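Good morning, everyone. Please have a look at the chain on the screen, and then I will take you through some ring contacts and the strands around them.

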Amino acid sequence: MALIVQKYGGTSVGDTDRMKNVARRCIAAQKAGNDVVVVVSAMSGETNRLLKLVSQITDRPSEREQDVVVATGEQVSIGLVALAIQAQGGLATSFLGYQVQIVTDSIFSKARIKRIDAEKIVEALKQKHIVVVAGFQGQDEQGNVTTLGRGGSDTTAVALAAALKADACEIYTDVDGVYTTDPNVCPAARKLDRISYEEMLDLASVGAKVLQIRSVEFAMKYKVPLWVKSSFTDDPGTLVCEEDKSMENVVVNGIAYDKNEAKLAISGVPDVPGVAARIFGALDAQNIVVDLIVQTASREGKTDLSFTVGKTDLVKAKEVVERVAREVNAGSVETDGDVAKVSIVGVGMRNHSGVAAKMFQILAAEGINIQLISTSEIKVSCLIQSKYTELAVRALHTAFGLDKAPAAS
């Protein structure tokens, strides 16, 4: 008997008919001889509806109270899915995050899981129940409701799979696997049979929406076999797994983009030790994640510093940076919310030279200017004007040979 954790996203539980479909899949998995734990998101659009209600009250909400509001979406879903399983003759028990002791830190709206007490889940499984757990939520050490950020149900599922030592974690969504890029942007995008944890981690970090980055981190750390599947078909999906030698034959395995980027540029920054630490330390103190960073060469003891943050953090980040700029006698702070990050990812980059140069040449040929660049062992990211995003993705997808399946080795 295997233990399987299944996660169903908002579109998969978007209405009662889809919930009944989820119930059928859960019961079928149990009848195949498996113990089944199901993690569900709020119904499609529900989190946005709840956030809109918050915004109608205040434009600067307490993140603690906002978490109290948005966490209710999953409570509705788990109750309805459990009822749907029962209505089809199955046994089911639903649990909220605090009931199964998903303990997190206290960073509201972006909480990280610290530990899970799976005892209640294990007891329910022994009673042959399908266990339905609310994704996206937990509680901190003080008992406050917390949420894990957008896509947090993925992280809940993989963390539960790790805690329960599950045989597999299946992420069900409205797409049937991981694609070489967004099919809505590039019709030539292909579904991958498998992808390495490291590639998936980098794709998630640079904008691919199919999995939340922290869920991939959990899967890689605990070596949880992670499947991405569609809840509307029986396609086998994509396996996210450990890297093997054959994966290195493909130089670039995916193209990702992220329009949720904003750029800040500080001019006339004193080029002395400790200034950068003060700027980024102040941003970190406000839990603002910084992405691409570029510093120009020093001229007359001054330098210019540019970096990106998430678009939703732009207002807060600008306030922080303007304050620190005054403290260190830097110049003006300029912002640009009309940018996007385009990235190429592939473990094959480790063994092939000239990949970054080729990317730059492709973008130049399309008349696309690069504002910032970031590289890692298996990733190259460029910040460009947002209006060129789709053009850049399609051009890179074709140039790196992703329009066609690689030849069999």
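In this predicted model, there are three aromatic pairs, and I will go through two of them. The rings of F218 and Y222 have centres 6.0 Å apart and planes at 20°, and because planes under 30 degrees apart count as stacked, this pair is a stacked one. Both residues belong to helix α8, residues 213-222, and since they are four residues apart there, about one helical turn separates them. As for its surroundings, Y222 has a relative accessibility of 43%, so it counts as partly exposed.

The other pair I want to show is F280 with F307, which is edge-to-face, with 5.2 Å from centre to centre and 70° between the planes. Here the two residues are 27 residues apart and the pair links distant parts of the chain, with F280 coming from helix α9, residues 275-285, and F307 from strand β15. Are these two residues buried or exposed? Both F280 and F307 are buried.

That brings us to the sheet to which β15 belongs. It is an open sheet of six strands with antiparallel pairing, and the order reads β14-β15-β13-β16-β18-β17. At its edges we find β14, 290-295, and β17, 372-376, each of which pairs on one side only. From one strand to the next, the twist averages 30°. Within this sheet, β15, residues 302-310, runs antiparallel to β13, residues 254-270, and eight bridges join the two; in one of these, K263 has T308 of β15 as its partner. Helix α10, residues 314-327, lies across β13, β15 and β16, and its direction is at about 20° to that of β13.

Let me turn now to another strand, β11, which covers residues 226-230 and is mostly covered, with four of its five residues buried. What does β11 pair with? Five bridges join it to strand β9, residues 168-173, in a parallel arrangement, whereas three bridges join it to strand β12, residues 238-241, in an antiparallel one. V228 takes part in both pairings, as the bridge partner of I171 and as the residue standing opposite T238 in β12.

Finally, there are two places where a lysine lies over an aromatic face. K229 lies over the face of W227, at 5.4 Å from the ring centre, and K358 lies over the face of F400, at 4.8 Å from the ring centre.

Conventions:
Residues are numbered from 1 along each chain as its sequence is written. This is a predicted model: local features need pLDDT of at least 70, side-chain atom pairs count only at pLDDT 80 or more; totals for chains, interfaces and linings use all residues. Side-chain values use heavy atoms; hydrogens and water are left out. Buried means under 20% relative accessible area, exposed over 50%, partly exposed in between (1.4 Å probe, protein chains only). Two strands pair if DSSP finds at least two bridges between them. Axes are lines fitted to C-alpha atoms, for helices over the stretch in contact, and angles run from 0 to 180 degrees between N-to-C directions. Contact means heavy atoms within 4.5 Å. Rings of Phe, Tyr and Trp (its six-membered ring) pair if their centres lie within 6.5 Å; planes under 30 degrees apart count as stacked, over 60 as edge-to-face and the rest as tilted. A charge sits over a ring if NZ of Lys or CZ of Arg is within 6 Å of the ring centre and within 35 degrees of the ring normal.
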